[in-house]
Amino acid sequence: METVSVVDLGGEQFFYAHPSVLPRLDGVELTLDAAIRALGDDAGDVIGRVNLAYADEAVARLDPIDGVEKIADDDPRVAQAGRIADPDDWRESSAGDASDGRFILCEGGTIAAIASYGIWDDAVGSIGVFTASASRGRGLCGRVASVAIEDLFHRGYPAQWQWRATNTASGRVAEKLGFISLGGRDIVRVRPRTG
């Protein structure tokens, strides 16, 4: 499902959406409420505020990267991890979505943590992280994310970390890894048009 975002980044504001949706927002005030009104019945669930932070090689403080494995999106362990994960955590982490790079840490033969990234507009790599509930609080997220971030840097991209304002644990990991907060975005899903 597509989304519309009202982005506040470094003091600038703009809409970020699929090109098929952007013309419907031409001339619309840069607020989430105004975007929802412009979308009418096509406006779906409001995701709300997501914080945005960025890192490049100059500011990143990456964790040790031992024990991390690079895998394909269709690795059956990903689907297995998704079946036992909290559905909201899994969806928010984008762990089950198609990626441009995916990395895992395993414990006892099962995935304990996942980091994946997608390249946006050939400009930045957006990191998604997931840690199984039984494996939280031990720094695994930072370790697996560090490998994904290092891979992005090797490909020539800066890294983006985004998290819901309510997910303070994710924000703390981003800060520990050296990410600099530059703004946020307010998001609403857009229902696909039929016919």
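## Salt bridges, a pocket and selected residues

The side chains of Arg24 and Asp42 meet in a salt bridge, with N and O 2.9 Å apart. Arg24 sits in the loop between β2 (12-17) and α1 (32-39), and Asp42 in the loop between α1 and β3 (43-55), so this pair ties together parts 18 residues apart in sequence. Helices (H or I, at least four residues) and strands (E, at least two) are DSSP runs, numbered from the N terminus.

The model is predicted: local features need pLDDT of at least 70, side-chain atom pairs count only at pLDDT 80 or more, and totals for chains, interfaces and linings use all residues. Residues are numbered from 1 along each chain as its sequence is written, and side-chain values use heavy atoms, with hydrogens and water left out.

### Salt bridges

Side chains of opposite charge can pair when their charged atoms come close. The rule here asks for a side-chain nitrogen of Lys or Arg within 4 Å of a carboxyl oxygen of Asp or Glu. By this rule the count is eleven salt bridges. Three of them are tabulated here.

| Pair | N to O distance | Separation in sequence |
|---|---|---|
| Arg24 and Asp42 | 2.9 Å | 18 residues |
| Lys70 and Asp151 | 3.9 Å | 81 residues |
| Glu107 and Arg138 | 2.8 Å | 31 residues |

Burial uses relative accessible area: buried is under 20%, exposed is over 50%, and partly exposed is in between (1.4 Å probe, protein chains only). Arg24 is partly exposed at 25%. Its partner Asp42 counts as buried at 14%.

Lys70 forms a salt bridge with Asp151. This pair links distant parts of the chain, with Lys70 in strand β4 (residues 68-70) and Asp151 in helix α4 (residues 140-154). Lys70 counts as exposed, at 51% relative accessibility. Asp151 is buried, at 18%.

The side chains of Glu107 and Arg138 also meet in a salt bridge. Glu107 belongs to strand β5 (residues 101-107), while Arg138 lies in the loop between β7 (124-131) and α4, so the pair ties together parts 31 residues apart in sequence. Both count as partly exposed: Glu107 at 32%, Arg138 at 47%. Elsewhere, salt bridges that share partners join Glu69, Asp75 and Arg77 into one network.

### The second largest pocket

Rolling a probe the size of a water molecule over the atoms shows where empty space is left. On a 1 Å grid over the protein atoms alone, probed at 1.4 Å, a pocket is an open set of points with protein on both sides within 12 Å along at least five of seven lines; lining residues have an atom within 4 Å of a point. Grid points are joined across faces, edges and corners, and a volume is the space filled by probe spheres set on the points.

The second largest pocket has a volume of about 250 Å³. It is lined by 17 residues, and the closest to its centre are Ile84, Ile111, Phe130, Ala132 and Ser133. Two or more lining residues come from each of α2 (76-84) and β6 (110-120). Helix α2 gives the most, with four residues.

The lining divides into eight nonpolar, four polar and five charged residues. Here Ala, Val, Leu, Ile, Met, Phe, Trp, Tyr, Cys and Pro count as nonpolar, Asp, Glu, Lys and Arg as charged, and the others, Gly among them, as polar.

### Two serines

Ser5 lies in strand β1 (residues 2-9). Ser5 is buried, with a relative accessible area of 0%. A polar contact of 2.7 Å joins its side chain to that of Arg185. Such a contact is a pair of N or O atoms within 3.5 Å; within protein, one must be able to donate a hydrogen and the other to accept it, and residues adjacent in sequence count only if both atoms are side-chain atoms. Beyond its neighbours within four places in sequence, Ser5 is in contact (heavy atoms within 4.5 Å) with residues including Phe14, Tyr16 and Ile187.

Ser20 is in the loop between β2 and α1. Ser20 is exposed, at 52%. The side chains of Ser20 and His18 share a polar contact of 2.8 Å.

### Positive phi

Most residues other than glycine have a negative phi. Ser94 has a positive phi, near 60°. Ser94 is found in the loop between α3 (87-93) and β5, and is partly exposed at 30%. Asp121 also has a positive phi, near 50°. Its place is the loop between β6 and β7, where Asp121 is exposed at 60%.
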